[in-house]
Amino acid sequence: MKVSAIIPAAGSGQRFGEVKQFKLLAGRPLLFHALKPFLQSDYIDEVVVVVPQENVEFFHRDVVSMSAGKPVKVVAGGSHRQNSVKHGVNASDSDSTLVCIHDAARPFVTEDLIQNSISACENVDGAVVAIISKDTVKYSENGLVKETINREKIWLAQTPQTFNKQKLLLALDNAHKNQLTGTDESTLMEAMGYSIKLVDGHPNNFKITTQDDWMRAEAVAHQLTDSRSGRFKEVHDD
Ligand code: CTP
Ligand code: MG
């Protein structure tokens, strides 16, 4: 079984106020932190990074220099996240049967999370790293509460999200034909009726969406940085 990692990093950072994936966090581009565990993981056979068209060339040089021999590709993204993911999946090795998709904007992913999302795919069509809601969740319309949802059944999706590649390609085609837009790929797989498993994520594996998230990321980076290697230590629950 071959696994291709797809790292979508072609967004424009509307909510952040600027392109965020190349901004320096703890002295390295945000994308570097998200990418490193995939380059190091024994579970990943190749890495496809999706960046804005104008960054393909310079980023290709950078990523090859840090890849330590693992096959890497850099391709141009599209207007929406799912187009970027599609470009990445289309560029992946024809032998790969699973794709493991991870946001460039989640710098604290670990090799354990990657491994768990891949291993969980054995008898299902995909697996999504997620954390259970700690807050009580209200469903509202027009500012008024309509109902309270049982929080024991509410999971907040993160990435990595790992899928059967052929089924993901069918789901992406279906989304295109039916003008479906999902904020993650699992949504598109669910629309096809495919079975998706949840895998325990980690609170530190949050996505940097706004400037507040950047401040949180700086604090976490400070706490996790190994003073000798300058790299983040792996995060474990125990
Ligand atoms: N992404 C992408 N191609 C797009 C849009 C998003 O590859 N056309 C990537 C982003 O670079 C990011 C991930 O998808 O790594 C998650 O997206 P998000 O946090 O929404 O980033 P942006 O789309 O850049 O931010 P915004 O939605 O605020 O514009
Ligand atoms: Mg976006």
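Helices and strands here are DSSP runs, counted from the N terminus, and a strand needs at least two residues. With that in hand, Pro160 belongs to strand 10, residues 155-164. The model you see is predicted, so let's work through it together.

**Exercise 1. Find which peptide bond leading into Pro160 is cis, and place Pro160 in the fold.**

Step 1. Look at the bond from Thr159 to Pro160: omega is near 10°, and the bond is cis.
Step 2. Now find Pro160 in the secondary structure: the residue lies in strand 10, which covers residues 155-164.

**Exercise 2. Describe the surroundings of ligand 1.**

Step 1. Start with the shell: 18 residues surround ligand 1, and the closest are Ala10, Gly13, Gln14, Ser84 and Lys207.
Step 2. Sort the shell by character: five residues are nonpolar, eight are polar and five are charged.
Step 3. Turn to the backbone. An oxygen atom of ligand 1 is 2.8 Å from a polar backbone atom of Pro8. For Ser12, a backbone N or O atom lies 3.2 Å from a ligand oxygen. At Ala104, a polar backbone atom is 3.1 Å from an oxygen atom of ligand 1.
Step 4. Check the cover: ligand 1 alone exposes 570 Å², and the protein buries 89% of that.
Step 5. Finish with the site: ligand 1 sits in the largest pocket.

**Exercise 3. Is Ile149 buried, partly exposed or exposed?**

Step 1. Locate Ile149: the residue is in strand 9, residues 144-149.
Step 2. Read the relative accessible area of Ile149, which is 29%.
Step 3. Apply the cut-offs: buried means under 20% and exposed means over 50%, with partly exposed in between. Ile149 is therefore partly exposed, at 29%.
Step 4. Add a neighbour in space: the C-alpha atoms of Ile149 and Thr136 are separated by 7.5 Å, and these residues are 13 apart along the chain.

**Exercise 4. Ala68 and Gln179 each have a positive phi. Where does each one sit, and how accessible is each?**

Step 1. Take Ala68, whose phi is about 50° although the residue is not a glycine. Ala68 is in the loop between helix 2 (56-66) and strand 5 (72-76).
Step 2. Ala68 counts as exposed because its relative accessibility is 78%.
Step 3. Take Gln179, a residue other than glycine with phi near 50°. Gln179 is in the loop between helix 5 (165-177) and helix 6 (185-191).
Step 4. Gln179 counts as exposed because its relative accessibility is 73%.

Notes: Residues numbered from 1 in each chain as written. Chains lettered and ligands numbered in written order. Predicted model: local features only at pLDDT ≥ 70, side-chain atom pairs only at ≥ 80, totals over all residues. Heavy atoms only, no water. Near = heavy atom within 4 Å. Polar contact = N/O pair within 3.5 Å; in protein donor to acceptor, adjacent residues only side chain to side chain. Areas by Shrake-Rupley, 256 points an atom, 1.4 Å probe, with all protein chains shown as cover. 1 Å grid on protein atoms, 1.4 Å probe; cavity = no way out; pocket = protein on both sides within 12 Å on 5 of 7 lines; lining within 4 Å. Sits in = over half its atoms within 2 Å of the grid points. Nonpolar A, V, L, I, M, F, W, Y, C, P; charged D, E, K, R; others polar. Helix = DSSP H or I, 4+ residues; strand = E, 2+ residues; numbered from the N terminus. Buried < 20%, exposed > 50% of the residue type's maximum accessible area, 1.4 Å probe, protein only.
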